[in-house]
Amino acid sequence: MLDSTQLNNYRENGYCVIENFKTLQQCQQLQTRAGKIVEEFSADDISVFSTSEQQRNADDYFLSSGDKIRCFFEQEAIGDSGEIKVEKSRAINKLGHAMHQQDAVFRQFSTDSKLEQICQQLGFVDPRLLQSMYIFKQPRIGGEVNIHQDSTFLYTEPMSCVGFWFALEDATLENGCLWGMPGGHKTPLEKIMKRRDNDIGIEFTQLADNHYSESDFVPLQVSAGSLIFFDGRFPHFSHANRSAKTRHAYTLHVIEGSAEYPRSNWLQREDQQSFPSFEQLRAM
Ligand SMILES: O=C(O)CCC(=O)C(=O)O
């Protein structure tokens, strides 16, 4: 799947872009399915998602979503007294965090043999699918995602997390494409997010201070169907979407099965089972 130039670039820069990884039809199927999930969702259970750390705190709805399909609202879709200010289909920031396991359409998209092949080429011996997110980046109110490294949230020892980010629509400067820091995966992991001992809320353990400067980041503008995959220490972010366009994307995170997965990670499965392999998901 990957040629030696792509692999070398990945090792050097911490990320790789593959255009036309998925067909437009596959992208459309996922969008339709996500739309249906939102349609069927009852807005009684509200969780506003933002990567600003405080907002993640004490959010049980978030902390117990690791093996479920849940909807998280855009911060700007909710008024001061908790009312939803825009129609539901335009109010959701993301779905998370186990569509790859719980939904047949997402499962098929996620168990692509080309993906498994890339995992092998990256050195995974026993790749496990840990988390999925469907990110809507809604027109006008799609929130910004601060600079972060995914291993902060999906930590293993040794670190093994790789993020796969699929553009389901064109991602441009206008609608809030990803930005990444080439080579930034060689910087230390800045912090680890942990559940508090009593499982109420989360806290961060600071490990380093990387002093990021936005001038070191490049925009990763890609067309629908493209895959961007990146190392768990690759610093990335996206600006708010102030345009009239959506910017739908789907992300999957993979870890090595033999790596230690701490009990303090936010994402825990209620059934305590190990995270599924590609093969186990295909057999479901
Ligand atoms: O899609 C975005 O804007 C950000 C996604 C992201 O940061 C991630 O998947 O880690």
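## Overall fold and ligand shell of a predicted model

With 284 residues, the protein would be expected to have a radius of gyration near 19 Å if it were a compact globule; its value of 18 Å agrees with this. The structure is a predicted model. Its C-alpha trace extends over about 50 × 45 × 45 Å along the principal axes. Eight helices and 14 strands make up the secondary structure.

Burial and contacts describe the interior. Of the 284 residues, 42% count as buried. Among contacts with a separation of 6 or more, 82% join residues that are 24 or more positions apart. The largest nonpolar core contains 63 residues, and F164, F166, L168, I228, F229, A249 and V254 have the most contacts inside it. When residues up to four places away in sequence are left out, V254 touches C119, F124, P127, R128, L129, L130, V162 and F164. F164 is thus both a contact of V254 and one of the core residues with the most contacts.

The ligand is surrounded by I135, K137, V145, D150, G163, W165, L178, H236, S238, A249 and T251. By class, this shell divides into five nonpolar, four polar and two charged residues. A249 belongs to the shell around the ligand and is also listed among the core residues with the most contacts.

The strands below each supply at least two residues of the shell.

| Strand | Residue range | Shell residues supplied |
|---|---|---|
| β7 | 162-167 | at least two |
| β13 | 236-238 | at least two |
| β14 | 249-256 | at least two |

How values were computed:
Residues numbered from 1 in each chain as written. Predicted model: local features only at pLDDT ≥ 70, side-chain atom pairs only at ≥ 80, totals over all residues. Helix = DSSP H or I, 4+ residues; strand = E, 2+ residues; numbered from the N terminus. Rg over C-alpha atoms; globule rule 2.2 N^0.38 Å. Buried ≥ 20, exposed ≤ 12 C-beta atoms within 10 Å, placed from the backbone. Contact = placed C-beta atoms within 7 Å. Near = placed C-beta within 6 Å. Nonpolar A, V, L, I, M, F, W, Y, C, P; charged D, E, K, R; others polar. Core = buried A, V, L, I, M, F, W, Y, C linked by C-beta atoms within 7 Å.
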